[in-house]
Every structure is written in structure tokens, then in C-alpha cells.
Amino acid sequence: MSVVTLTLDGRPVSAREGATLLEVCQESGVALPTLCHLDGLSDVGACRLCLVEVAGQRKLAAACVTQAQEGMEITTGSERLVRYRRQIVELLFAERNHVCAVCVANGHCDLQRLAASLGIDHVRYAYQHPALRLDASHPRFVADHDRCVLCTRCVRVCDEIEGAHTWDVAGRAAGCQVVTDLAAPWGESASCTGCGKCVQVCPTGALFEKEQAAGGMLSKHRDFLTYLKNAREKKEWLR
Ligand code: SF4
Ligand code: SF4
Ligand code: FES
């Protein structure tokens, strides 16, 4: 295995060739905020929360989709980066209707946790809050698009782990939404197996099990992905 050496917040570190900057940070004990990344899924660089500064480059780099290169000098916590991260999270709150007090994920939501860790106690931008439909047509699950942050974790887990590819992204800009089976109601989807993986990985209360009250969706187990992937690689079901 080839190794590259780089500088992380002024500290020399080594990494395996091909590792992403996010992996380098995780292995070096440097905490970076993430939202669209989830161990076990491919990375798409959608949320931009993991942005870092690379010396000599004007543009910021999303750590989850940037490979570590020999000699890179990375900064992860400058004033500019913290300002951008706060701005991104505030814009997410301004974009759709995230009223935590009445959300099933209240108290165990990744967006809420991020806001708290960045010290966000108000939003400086005008609320958009478009009228979005709530899809309760599935017998077991609900999709509340008001809570969606378009991280596409549901799209990727359904495609890459379940192999159903029920979810996809439709529309552009403010009209962008995740949809099931070419925008048919979820309950009418011919491809959905009802496995619930998308519900488990959703970072907010956008996808949840029916009959949950505010703060009630306690049963999200996002670490099941690592277990599934390891078991598949080791062919544990063929023994
Ligand atoms: S329940 Fe399973 S198959 Fe259905 S949309 Fe979610 S991940 Fe895909
Ligand atoms: S429904 Fe949940 S997992 Fe899917 S894109 Fe929206 S926030 Fe992400
Ligand atoms: S975690 Fe890197 S862009 Fe979302």
C-alpha cells in the first residue's frame, strides 16, 4: 500500500493513497461536520459542510470527495470555514419547514445536532417554506418533504445497499425533491421492498415510521450499514 504525507492543521500526518481528506481527518481524530456523508455509502459532496482549505487553492474543497495528495496542507477550522458552515446550516433551516418541537426526530436529528454544535440559535435569512406534500401512502412509512435536506442518503442506500433504486432526485433549484418511482406516491411504488433502510439513514425527520409522535422516532440505527457491508464482503450468509 502506498502512503502519502500531508499537513493537517499544522500537524504532519500520513494516509493511504486514495484516501479522502475526510478519512484522513477521521483517522487523525479531527472532527469535521458532515451531513450527506454516511460510512458505508458512496460520497456525493452534496451538503458542503465538510469544506476545508487547501493551501495554494482558492476554492474550498469538500473533504468527503477530495483525495489526499502528497504535500497537501489542509486547514479544517478557520474562521472562514466556521462562517460558511453556519451559513449553510442556517440556509437549510430557512429553506424548508424545520419546526423541531413537532418533529418525530426531535432530539436525535443530525441537522439539529449540527446547529447546536455550531452555536446557531437563530436564522438570519428569510424563510422560504414552500408548500410541499406529505406522502403517507406507504403502509409503514411517511415522507415529509418539509424536513428533507436533499442529502440523498435515501437515494444511495436504496440503490447501493438494497438494490431497489426506488428513490431518485427530480427537479432543480427550489423545485428539487426526492421522489419515488418517477414521482408516483411511495405506497404505489412497484420497486420498494419495504425494507426501511432509507428511513434508517435519513438524518432528519423527513422519512419516518408511521404512528410516531414528536420526538418518537428513536429507532434509527445508521451503523447497520457497516454491519451489512462487512457481512456481505465476508459472505456470512453463505456459511
Ligand atoms: S423501504 Fe427500502 S426499498 Fe423502499 S424506498 Fe426505502 S430503501 Fe428503498
Ligand atoms: S428524505 Fe432524508 S435521506 Fe432522503 S434526501 Fe431527504 S433528508 Fe436526505
Ligand atoms: S459531507 Fe462532504 S459534502 Fe456533505
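Throughout these legends, a residue is buried when its relative accessible area is under 20%, exposed when it is over 50%, and partly exposed in between (1.4 Å probe, protein chains only). This is a predicted model, in which local features need pLDDT of at least 70 and side-chain atom pairs count only at pLDDT 80 or more, while totals for chains, interfaces and linings use all residues. Residues are numbered from 1 along each chain as its sequence is written, chains are lettered from A and ligands numbered from 1 in the order in which they are written, and side-chain values use heavy atoms, with hydrogens and water left out.

**Figure 1. The whole protein, with its 6 helices and 10 strands.** Helices (H or I, at least four residues) and strands (E, at least two) are DSSP runs, numbered from the N terminus. The radius of gyration, taken over C-alpha atoms, is 19 Å, close to the 18 Å that the globule rule gives for 239 residues, so the protein is as compact as a globular protein of that length. That rule is 2.2 Å times the number of residues to the power 0.38. Along the principal axes, the C-alpha atoms fill a box of roughly 55 × 55 × 30 Å. Of the 239 residues, 47% count as buried. With contact meaning heavy atoms within 4.5 Å, residues 24 or more positions apart account for 60% of the contacts with a separation of 6 or more.

**Figure 2. Two loops, each with a positive phi in a residue other than glycine.** Start with Asp9, which sits in the loop between β1 (3–8) and β2 (11–16). Its phi is near 50°, and Asp9 is partly exposed, with a relative accessible area of 40%. Then move to Ala173, in the loop between β8 (167–170) and β9 (177–180). Ala173 also has a phi near 50°; because its relative accessibility is 68%, this residue counts as exposed.

**Figure 3. The surroundings of Cys36, a buried loop residue.** Cys36 belongs to the loop between α1 (21–27) and β3 (51–54), and its relative accessible area is 2%. What does Cys36 touch, leaving aside its neighbours within four places in sequence? Its contacts are Gly45, Ala46, Cys47, Cys151, Arg153 and Arg156. Val149 is worth finding in this view too: its C-alpha atom is 9.0 Å from that of Cys36, although 113 residues separate the two along the chain.

**Figure 4. Helix α4, a mostly covered element.** Here 7 of the 10 residues of α4 are buried. They are Arg153, Cys154, Val155, Arg156, Val157, Cys158 and Ile161. Which elements do these buried residues pack against? The partners are α3, β8, β9, α5, β10 (207–209) and α6 (224–233). Just after the helix comes Gly163, with a positive phi of about 75°.

**Figure 5. A salt bridge between Glu162 and Lys197.** A salt bridge here is a side-chain nitrogen of Lys or Arg within 4 Å of a carboxyl oxygen of Asp or Glu. In this pair the N to O distance is 2.6 Å. The link joins distant parts of the chain, with Glu162 in helix α4 (residues 153–162) and Lys197 in helix α5 (residues 197–201), 35 residues apart. Which partner is buried, and which is partly exposed? Lys197 is buried at 14% relative accessible area, whereas Glu162, at 24%, is partly exposed.

**Figure 6. A salt-bridge network of Asp110, Arg113 and Arg153.** Side chains of opposite charge can pair when their charged atoms come close. For Arg113 and Asp110, the closest N and O atoms are 2.4 Å apart. Both residues lie in helix α3 (residues 110–117), 3 residues apart, about one turn of the helix. Asp110 is buried at 12% relative accessibility, while Arg113 is partly exposed, with a relative accessible area of 47%. Arg153, the other member of the network, is one of the buried residues of α4.

**Figure 7. The pairing of Arg16 with Glu23, one of 8 salt bridges in the structure.** The closest N and O atoms of Arg16 and Glu23 are 3.2 Å apart. Arg16 is partly exposed at 32% relative accessibility, and Glu23 is partly exposed at 26%.
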